[in-house]
Amino acid sequence: MSAYRSDSHAAWADWLINTFDEFNWQVLELPGRHFRWRIRGNPLSWLNSLPKQKPELILATSMVDLATLKGLHPSLANVPSLYYFHENQFAYPTSEQQHDSVDPQMVQLYGALSASKLLFNSAYNSDSFLQGVNDLLGRLPDEVPEGVLEQLKNKSSVLPVAINPIKAIEQKTPGLILWNHRWEYDKAPQLFTQALIKLHESGTDFKLALLGERPRKTPGALLDIENHLAEHIIINGKVSRQQYEHYLSQSVLVVSTAIHEFQGLAIMEAVSAGAIPVVPDALCYKEQYTSIYRYPQGDSQRLCETLQRFLTQLPEKPDVENYYSENLQTHWCTELHQALE
């Protein structure tokens, strides 16, 4: 059950179905749009569309209001259930345009309490969820039961989303810096732009591959790059998967300026293709990449300096093979079979 079929959620679901064909999957998904309605309204959207056959196991993402679904459908109450966290709403930043509400957090808290086991795509995701729950419980006025945090902690494990590695090539485009994220507030593209302008002003030679989804109205950060750094750009747009893999394999450096990231699949894919990561010293990146690849979060000057240094002399590429499909397949298979026992 996936209540928000966005790119990474879709890739995960499709990988599971295609990889583990010994299971008879029954898939329920909702389009990845209207976030507030999706996370709160999925039990209503699915009210009359659940399969008639009672499942042996439920695998639901943390966007699914699992507790309400089990309440509305008593036959599901005792079905073993895995609750998978691609993200958690306790560590998800809100934009100025969004209404800050505790509702999404409560959906995930109740879902976690109703699940048999919780799976997280990174230790950062797990830690920030448990810390967020602890902080929330501490703010509630009264009648808060004991042992909630321990109960959740005792049934939590880390199991990443698998990636399919992209073939690396020896002959890369010299000085090519890659951005392969959404152009939205949670990826902080304005910091990327600031660092690039500083890099340009320093006289450093570089090129840009600007990929990733962008809203209909071009964001200011991208406009500034287009207006001030046009001569550096070799590609600018969302491209086909084949083209995407081509530019990843051509890139020398891949950059993240995110203020939220729970696994960082885009960076991992680029690293698998031979790019060197330049990432914040925060979020999930601290468990994935040693300090040489990290700069202080939010510091455009230090980001610029790291880019300059790497363009002069590249460090050794980090190893992300533990996240490859071939290496995670056994772990996922074991988890699914154990849940059925």
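A salt bridge is a side-chain nitrogen of Lys or Arg within 4 Å of a carboxyl oxygen of Asp or Glu. By this criterion the structure, which is a predicted model, holds 12 salt bridges.

**Figure 1. Salt bridge between D103 and R40 in the predicted model.** The closest N and O atoms of D103 and R40 are 3.9 Å apart. The pair links distant parts of the chain, 63 residues apart: D103 belongs to helix 4 (residues 103-114), and R40 belongs to helix 2 (residues 35-45). D103 counts as partly exposed because its relative accessibility is 38%. R40, at 44% relative accessibility, likewise counts as partly exposed.

**Figure 2. Salt bridge between K117 and E335.** In this pair the closest N and O atoms are 2.8 Å apart. K117 lies in strand 5 (residues 117-120) and E335 in helix 13 (residues 325-340), so the salt bridge ties together parts that are 218 residues apart in sequence. K117 is partly exposed, with a relative accessible area of 22%. E335 has a relative accessible area of 11% and is therefore buried, the cut-off for burial being under 20%.

**Figure 3. Salt bridge between E261 and K187, and a salt-bridge network elsewhere in the model.** The side chains of E261 and K187 meet at 2.9 Å, N to O. Both partners are in loops: E261 in the one between strand 10 (253-255) and helix 10 (265-272), K187 in the one between strand 7 (176-179) and helix 7 (189-201). The pair links distant parts of the chain, 74 residues apart. E261 is buried, and K187 is buried as well. A network of salt bridges links R5, D14 and E29.

**Figure 4. Surroundings of N125 in helix 5.** Helix 5 spans residues 123-139 and includes N125. N125 counts as buried because its relative accessibility is 0%. Leaving aside neighbours within four places in sequence, the residues in contact with N125 are F85, H86, E87, N88, F120 and F262. Two of these contact residues, F85 and F120, stand opposite each other in the pairing of strand 4 with strand 5.

**Figure 5. Parallel pairing of strand 5 with strand 4 and strand 6.** Strand 4 (residues 81-85) and strand 5 pair in the parallel sense over four bridges. Within this pairing, F85 stands opposite F120 of strand 5. Strand 5 is also joined to strand 6 (residues 156-158) by three bridges, and these two strands run parallel. Here L118 stands opposite S156 of strand 6. In a regular strand the side chains alternate between the two faces of the sheet.

**Figure 6. Open six-stranded sheet with parallel pairing.** The strand order is 9-8-7-10-11-12. Strand 9 (233-236) and strand 12 (294-295) are the edge strands, each pairing on one side only. Helix 8 (residues 220-228) lies across strand 8 (207-210) and strand 9, and runs at about 145° to strand 9. Helix 12 (residues 300-312) lies across strand 7, strand 10, strand 11 and strand 12. The angle between helix 12 and strand 11 is about 165°.

**Figure 7. Strand 11 and its pairing with strand 10 and strand 12.** Strand 11 (residues 276-280) pairs with strand 10 in the parallel sense over three bridges. L253 stands opposite I276 of strand 11. Five of the five residues of strand 11 are buried, so this strand is largely enclosed by the rest of the structure. The chain reaches strand 11 from strand 10 through helix 10, and this β-α-β crossover is right-handed. Strand 11 also pairs with strand 12 in the parallel sense, over two bridges. The bridge partner of P280 in strand 12 is Y295.

Note on methods
Residues numbered from 1 in each chain as written. Predicted model: local features only at pLDDT ≥ 70, side-chain atom pairs only at ≥ 80, totals over all residues. Heavy atoms only, no water. Buried < 20%, exposed > 50% of the residue type's maximum accessible area, 1.4 Å probe, protein only. Contact = heavy atoms within 4.5 Å. Pairing = 2+ DSSP bridges. Axes fitted to C-alpha atoms, helices over the stretch in contact; angles between N-to-C directions. Right-handed = clockwise from strand over helix to strand, strands pointing away.
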